[in-house]
Amino acid sequence: MAQLNMVQAINLALKEEMGRDKEVVVLGEDVGMDGGVFRITEGLLAAFGPERVMDTPLAESGIIGTAIGMAVYGLKPIAEVQFFGFIYPAVNQIANHASRIRSRSRGRYTCPLVIRTPYGAGIKAPEHHSESCEAIFCHMPGIKVVMPASPYYAKGLLLSAVRDPDPVLFLESTRLYRLMREDVPEGDYTVPLEKARIVQEGQEVTVISWGYMLQRSLQAVEGFDAEVIDLMTINPFDEETIIASVKKTGRAVIVSESPKVGGFASEIAAFIAEEAMLSLKAPIVRVTSYDVVLPLPKLEDRYLPTVEKIRKGIGEVLKY
Amino acid sequence: MPEKVIESFDVKRLDILDEAGNADDSLMPTLSGDDIRKIYELLVFSRTFDQRALSLQREGRIGTYAPILGQEASQIGSAFALEKTDWVFPSFRENGVYIAVGQPPYKILQYWSGDERGLRTSPDLNIFPVCIPVASHLPHAAGAAMAAKYRGDKVGVLAYFGDGGTSEGDFHEGMNFAGVFKLPMVFVCQNNQWAISVPREKQTAAKTLAQKAISYGFEGVQVDGNDVFAVYKATKDALDRAKQGGGPTLIECFTYRMSDHTTADDATRYRTKEEVDAWKARDPIMRMKLFMEKKGLWTDGYQKEVEARAKASVDEAEKKAESVEPPDPRDMFTYTYGALTQRQKKEMRDF
């Protein structure tokens with residue numbers, strides 16, 4: 001089995017699915033000739049032609065808006081937004097239309113759309129290229145937010161996202177793109193949406209994370225008897241897996257690279273407090289980035305939660 | 001080196017039927033007597049419906065409503081050019097369009113009374129629900145046209161918006177995609193001169209809205225929006241061209257919003273009675289009546305019959321809209337995603 005990085009795994013998923021299903025089309029800035037600025041769509045233009053791999057004008061609202069029109073017409077578009085920090089012009093389309101058309105039309109129209117976009121800090125990118133604002137999109141019932149933490153899961157989750165009948169925001173960590181390789185099978189397999197996975201079992205503390213921070217969390221738990229949960233689908237999230245684990249361990253640490261206030265770690269913490277307070281042995285801890293404007297690369301390592309900071313968080317809850 | 005003119009452009013205006021009911025035969029589109037009667041009946045019906053909706057709002061029986069008075073020709077004329085397989089993306093003031101394509105009128109009332117079920121369009125109609133965030137549906141229309149083109153479906157896509165909409169980014173992005181991908185689209189701008197309280201001159205320094213098409217590489221034309229024949233002809237020609245691979249067209253229907261923006265608005269705060277009165281003389285239905293009378297297609301008896309039929313249909317729509325079962329609160333959950341989420345299953349226990 002091939003050892004692939006996340007770029008290769010996502011590329012493979014796209015290639016295979018486009019080969020299987022003629023309704024799948026790809027559109028976005030530089031996704032054709034250039035193969036995308038991270039080369040995620042490399043080779044697709046040559047394999048499937050310009051009718052299915054569309055270099056669009058430089059306009060995020062136009063890209064997502066037209067993708068909504070295609071999806072409602074019956075295609076399965078995969079739209080790329082070049083960086084998460086550039087998605088804001090398209091928020092109107094996502095919040096007012098993609099997430100609502102099923103409800104507004106009472107099921108007459110649906111929007112099987114995938115929006116792929118690279119997120120996150122840690123690759124020394126310019127301003128506006130490193131955001132992790134997934135929580136904003138978790139406040140929009142009607143869309144799903146998925147954040148894979150490794151190549152194998154990226155491929156399986158992306159295939160589920162493309163086949164899902166509803167719009168999915170698929171967030172790919174730029175730091176993870178080429179950080180690690182793992183076995184990624186060729187051919188069809190899916191990882192279900194709205195399900196978390198227990199990456200490792202443990203008895204003393206539950207560590208919940210997603211995307212790149214899951215990899216740092218896995219390093220941080222060395223030496224602790226920790227259960228680690230990869231949330232995978234951020235929203236709608238897998239409440240049952242979280243609760244079962246926290247009830248077992250009695251302690252919860254949530255690790256996210258967003259700012260703390262209003263971040264999705266806060267939703268998870270509130271949920272645990274509501275549902276499992278009486279099973280808790282210690283306060284819930286959120287390990288996040290700071291509530292500051294995301295700094296330029298010279299300070300980004302100081303901004304992101306480090307392995308040490310996560311270990312400190314785990315140590316805090318284990319004091320009780 | 002001397003400067004050269006490297007491009008120059010014309011903006012055309014189309015008028016066929018004047019206020020006295022005289023039509024320019026050389027421009028007149030091919031329409032049978034039955035077609036003309038059908039158009040007239042749709043004009044009368046949409047006005048009758050509009051007046052009833054206003055009354056129902058005043059009586060508190062529906063919510064805020066956006067009237068179409070004065071814009072009937074722009075809506076019926078353009079919609080009459082559609083084929084059943086074409087796709088339509090309305091804005092929020094296209095009640096005449098919905099009526100013309102065959103959306104049951106009671107559903108329109110149901111929507112404006114606050115019930116999502118009114119937005120569910122009939123399965124045999126390719127018409128989108130109302131779009132309230134201004135011009136944000138224009139990229140959807142372009143996307144549907146891209147999908148139709150990809151599949152090789154010979155359909156046209158018609159999108160409606162107003163003069164205010166031309167200031168929105170999504171208008172430009174939708175028009176730009178349509179031009180770049182040479183899409184089978186028709187953009188129908190009902191320039192009714194007012195975006196709530198802001199007049200057309202404050203939306204853009206351009207002399208016409210039609211000319212905005214030029215910068216996206218396709219044709220724009222201004223038509224008398226109160227002339228149902230001019231609107232029909234421009235739309236029909238544009239749709240035919242679009243379906244033959246000729247790309248998109250922008251049509252500026254030069255018309256006037258005779259009523260308030262919505263029932264929550266008071267237009268006397270920002271425009272004069274003189275201006276409104278001047279447009280009364282250009283009424284789209286009156287000139288059709290005069291035209292038909294000259295052609296022997298209109299009599300007093302016919303008028304009474306058309307009005308009676310319109311009233312009966314609107315009565316029926318009103319009765320039906322008011323007699324539907326109240327919506328099931330569980331529908332809020334049913335239609336958010338294809339399947340209920342873990343959280344929704346718990347939340348739904350409240351109902």
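These are my notes on a predicted model with chains A and B.

**Chain A, overall**

I began with the dimensions of chain A. The C-alpha trace of chain A spans about 60 × 45 × 40 Å along its principal axes. I then compared its radius of gyration with the globule rule: a compact globule of 320 residues would come near 20 Å, and chain A has 19 Å, which agrees. For secondary structure I noted 13 helices and 14 strands in chain A. Of the 320 residues in chain A, 57% are buried. I also looked up the sequence separation of contacts in chain A. Taking contacts between residues at least 6 apart in sequence, 77% join residues at least 24 apart.

**The contact between the chains**

Next I asked how many residues each chain puts into the contact. Chain B gives 33 residues and chain A gives 36 residues. On the chain B side, helix 5 (138–151), helix 6 (169–180) and helix 12 (342–347) each supply at least two residues. Helix 5 of chain B has the largest share of that side, with 10 residues. By residue class, I have the chain B side down as 16 nonpolar, 11 polar and 6 charged.

**The largest nonpolar core**

I then turned to the largest nonpolar core, which holds 192 residues. Which of them touch the most other members? I listed A:V253, B:A145, B:V157, B:A159, B:M185 and B:I251. Domain 1 (3–183) and domain 2 (197–318) of chain A both give residues to this core, so it lies between them.

I picked B:V157 for a closer look and left aside its neighbours within four places in sequence. The remaining contacts of B:V157 are B:D86, B:W87, B:A141, B:A144, B:A145, B:A148, B:P184 and B:M185.

**Helix 4 of chain B**

Last, I checked helix 4 of chain B (residues 105–112) and asked whether its residues are buried or exposed. I found 8 of the 8 residues buried, so helix 4 is largely enclosed by the rest of the structure. For this count, a residue is buried if 20 or more other C-beta atoms lie within 10 Å of its own. The buried residues are B:P105, B:Y106, B:K107, B:I108, B:L109, B:Q110, B:Y111 and B:W112. I noted that B:K107 and B:Q110 are on this buried list.

What covers them? The cover includes helix 1 (33–58), helix 3 (95–101) and helix 10 (300–323) of chain B. I also recorded the backbone just after helix 4 of chain B, where B:G114 takes a positive phi of about 100°.

Terms used: Residues are numbered from 1 along each chain as its sequence is written. Chains are lettered from A and ligands numbered from 1 in the order in which they are written. This is a predicted model: local features need pLDDT of at least 70, side-chain atom pairs count only at pLDDT 80 or more; totals for chains, interfaces and linings use all residues. A residue is buried if 20 or more other C-beta atoms lie within 10 Å of its own, exposed if 12 or fewer, and partly exposed in between; C-beta atoms are placed from the backbone. Helices (H or I, at least four residues) and strands (E, at least two) are DSSP runs, numbered from the N terminus. Two residues are in contact if their C-beta atoms, placed from the backbone, lie within 7 Å. Ala, Val, Leu, Ile, Met, Phe, Trp, Tyr, Cys and Pro count as nonpolar, Asp, Glu, Lys and Arg as charged, and the others, Gly among them, as polar. A nonpolar core is a set of buried Ala, Val, Leu, Ile, Met, Phe, Trp, Tyr and Cys residues joined through C-beta atoms within 7 Å. Domain bounds come from an automatic or database domain assignment. The radius of gyration is taken over C-alpha atoms; the globule rule is 2.2 Å times the number of residues to the power 0.38.
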